[in-house]
Amino acid sequence: MSIESISLSGRKKIVSNKEMTFWERMYLVAIVKGLFITIKHLFTRKVTIQYPEQVREMSPVYRGQHMLKRDEEGRENCTACGLCALSCPAEAITMKAAERRQDEKHLYREEKYASIYEINMLRCIFCGLCEEACPKDAIYLTTSKVLVPSSYEREDFIFGKDKLVMPLEMAMKNAQLKNAN
């Protein structure tokens with residue numbers, strides 16, 4: 001058995017170098033087929049939306065920007081277990097754990113917390129696996145349409161806790177809504 005006859009996929013085709021006919025050399029058949037496709041598209045419905053007046057509805061599974069949650073007292077939920085960083089296929093999440101001191105009980109729920117929590121937005125693929133892996137529901141992807149602002153510096157795309165942690169006012173409002181229900 002020669003190496004030329006082996007096909008791993010079973011889809012190997014033998015290509016012949018046959019001479020083209022007169023009509024094939026003129027390319028008239030190909031041009032007419034192309035014109036027919038173009039004319040057919042003239043009579044189909046357009047999918048363009050007029051953006052400022054019409055807003056396209058977002059998919060129900062849309063995943064926006066990351067956010068680190070706080071509890072109803074304003075403390076961070078993240079315990080720096082590292083499961084989100086392990087589950088990230090793009091390896092975009094880095095964190096460093098630290099022990100909570102006595103004077104920081106009002107800031108963190110557990111004895112261990114993430115002193116450094118960074119997400120490289122240039123590497124992130126917004127797959128949501130970090131959200132699914134977190135046992136404390138500390139990270140989630142919002143439904144915000146704002147993803148990552150444009151910039152010329154790579155450092156601007158590394159989001160730290162300053163950009164990721166939920167604002168305190170939002171955490172308090174969520175707690176009020178939860179208590180009202």
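Select Asn120 and Ile158 to begin: in this predicted model, Asn120 stands opposite Ile158, which belongs to β5. Now show the two strands around that pair. β5 is residues 158–159, and two bridges tie this strand to β3 in an antiparallel arrangement.

Stay on β3 and colour residues 112–120. Strand β2, residues 93–99, pairs with β3 too, again antiparallel, with seven bridges joining β2 and β3. To pick out one pairing, click Thr94 and look across to β3, where Glu118 is the bridge partner. While the side chains are switched on, keep in mind that in a regular strand they alternate between the two faces of the sheet.

Next stop, the cysteines. Select Cys78, Cys81, Cys84 and Cys134, which an unreviewed UniProt entry marks with the feature "binding site". These four span 57 residues of sequence yet cluster in space, with a largest C-alpha distance of 10.3 Å. If you have cavities displayed, find the second largest one: its lining includes Cys78, Cys81, Cys84 and Cys134.

Zoom in on Cys81, in the loop that runs between β1 (66–68) and α3 (83–87). Leaving aside residues up to four places away in sequence, Cys81 touches Met95, Lys112 and Pro135. Is Cys81 buried or exposed? Neither label fits: its relative accessibility is 41%, so Cys81 counts as partly exposed.

Finish at Cys134, in the loop between α4 (129–133) and β4 (139–141). Here the relative accessible area is 15%, and because the cut-off for buried is under 20%, Cys134 counts as buried.

How values were computed: Residues numbered from 1 in each chain as written. Predicted model: local features only at pLDDT ≥ 70, side-chain atom pairs only at ≥ 80, totals over all residues. Heavy atoms only, no water. Pairing = 2+ DSSP bridges. Helix = DSSP H or I, 4+ residues; strand = E, 2+ residues; numbered from the N terminus. UniProt positions renumbered as here; feature names shortened; annotations may be inferred. 1 Å grid on protein atoms, 1.4 Å probe; cavity = no way out; pocket = protein on both sides within 12 Å on 5 of 7 lines; lining within 4 Å. Buried < 20%, exposed > 50% of the residue type's maximum accessible area, 1.4 Å probe, protein only. Contact = heavy atoms within 4.5 Å.
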